[in-house]
Amino acid sequence: TTIIIKAFDDFGLKSQQFTTQVFGILIVEDLFAIVMLVLLNSLASSAHIETNVLFETIFNLVAFLVIWFVIGLYFIPIFLRKVRRFLNDETLLIVALALCFGMVVMADVAGFSAALGAFVMGSILAETVEGERIERITRPVKNLFGAIFFVSVGMMIKVEMLGMYWWPILVITLLVIVGQIFFATSGILISGQPLNMALKSAFSLGQIGEFAFIIATLGVSLNATDEFLYPIAVAVSVITTFTTPFIMRSADSAYGFLDKHLPLKVRYFIDNLSNTKMNNPQPSGWKKLLKEHLVDIVLHVIILAGVLPLYYNYASPLFDKYLPEPYNLLVEVVLLLVVLSPILFSLAFRHVNKPLTAELLASPDFKRAPLFAVWIFRIAVSLIFVGIIFIHYTSWWLGIILTAIFGLV
């Protein structure tokens, strides 16, 4: 995030429409990275995912965000309005930094990253009447810490490691750049954005950041990976940091090339998917349908999250007691999938409010891509729960293979 914001500042791109989309993606990536750290920690210590720990972490993360956004958006603007007449630039700078670092400490105590705490407080302060003023007076502090960040990352590089592991560094660098651009472009197109905006956003995301260091450090500390992984992660991060500005600049050229050379059928499909007439808003019924889908998904997830721990704690011990291995595991998995199949099927394929869906699909102004993305998301959430079940009873790699087969079927 630091790298991309710096590049946007240098190129004067922060006011462009696609940058908001990029920031959103980066924030969601950080949130998923927190959950991923818990998963990797669990997988490194055993071959199974501790489902209770996973659900507890996700619940704590959501609770932390909701509680602090509710409290912050209510109390902090009131506080700043009350003391506004006492706040010269120096005092406001100290107050803003105190609030930021205070939330960082709270996030750390709650078991989350410092970056998450800073993001939460920054988002809250941005909604206050002093938001623009705070941004102006903290800019020198931001520049100072930005310089420290880049210098400290550079100091992590061990030059002898670059020569020793140049081949994996080169391969991983290419995979990061090409993979990030390809998957980001695909995802943004599916979400309903035009090709030009998708490419500009994706070409801004061709790097890895500080979470790569954190994950690599976790692997080394748990003896799950060799120590050379950390310097490789740092080297790839530095190289992709260096290439980011050049890749950003090539987005327009890439769009011009694809615009000329894409087959007509592919171009028609992309245009139809994204509905490039961005000035046409979605029909009013779309927000209602999206809200109903989200409520429906949340209800299914709550039911599944409640049933799984109960089954693991009460039903599984009975099978383990009365059935020999490996028949007990086979019976447990099959029975659990049979019991949950109506909920999983409903989560994946249920069409919420069919009359409204049919009405929207018949409307010429309706962009179909967001609805398509919602359907894909429902299937993905259902498969995640299937994967959790398989991994719990087998190993992580066998669980992923079984989930992939299950998904294809």
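Begin with the whole protein chain in view: the chain has 19 helices and zero strands, where helices (H or I, at least four residues) and strands (E, at least two) are DSSP runs numbered from the N terminus. Its radius of gyration is 24 Å, close to the 22 Å that the globule rule gives for 409 residues, so the chain is as compact as a globular protein of that length. That radius is taken over C-alpha atoms, and the globule rule is 2.2 Å times the number of residues to the power 0.38.

This is a predicted model, in which local features need pLDDT of at least 70 and side-chain atom pairs count only at pLDDT 80 or more, while totals for chains, interfaces and linings use all residues. Residues are numbered from 1 along each chain as its sequence is written, and side-chain values use heavy atoms, with hydrogens and water left out.

**The whole chain**

Rotate the C-alpha trace: along its principal axes the trace spans about 70 × 55 × 55 Å. Switch next to a surface display. The accessible surface comes to about 23,400 Å², and 71% of this area belongs to carbon and sulfur atoms; the areas come from the Shrake-Rupley method with a 1.4 Å probe, and for residues only the protein chains shown count as cover. Of the 409 residues, 38% are buried. Buried means under 20% relative accessible area, exposed over 50%, and partly exposed in between (1.4 Å probe, protein chains only). Among contacts (heavy atoms within 4.5 Å) between residues at least 6 apart in sequence, 77% join residues at least 24 apart.

**Stop 1: R84 and E130**

The whole structure holds eight salt bridges, each defined as a side-chain nitrogen of Lys or Arg within 4 Å of a carboxyl oxygen of Asp or Glu. Select E130 and R84, which form one of them, with the closest N and O atoms 2.8 Å apart. E130 is in the loop between α5 (114-126) and α6 (131-137), and R84 is in the loop between α3 (51-82) and α4 (89-109), so far along the chain that 46 residues separate them. E130 counts as buried at 2% relative accessibility, whereas R84 counts as partly exposed at 44%.

**Stop 2: D89 and R133**

Add R133 and D89, whose side chains meet in a salt bridge (3.2 Å, N to O). Because R133 lies in helix α6 and D89 in helix α4, the pair ties together parts that are 44 residues apart in sequence. Both count as partly exposed: R133 at 22% relative accessibility and D89 at 30%.

**Stop 3: D296 and R378**

Move to D296 and R378, where the side chains meet in a salt bridge of 2.4 Å, N to O. This pair links distant parts of the chain, D296 in helix α15 (residues 285-322) and R378 in helix α18 (residues 368-393), 82 residues apart. D296 is buried at 9% relative accessible area, and R378 is buried at 0%. Returning to the earlier stops, select R84, D89, E130, R133 and R136 together: salt bridges that share partners join them into one network.

**Stop 4: helix α15**

Display α15 alone and centre on Y311, where the helix bends by about 40°; the bend is the angle between axes fitted to the seven residues ending there and the seven starting there.

**Stop 5: W167**

Finish at W167, in helix α9 (residues 166-190). W167 is exposed, with a relative accessible area of 54%. A C-alpha to C-alpha distance drawn from W167 to F377 gives 37 Å, for two residues 210 apart in sequence.
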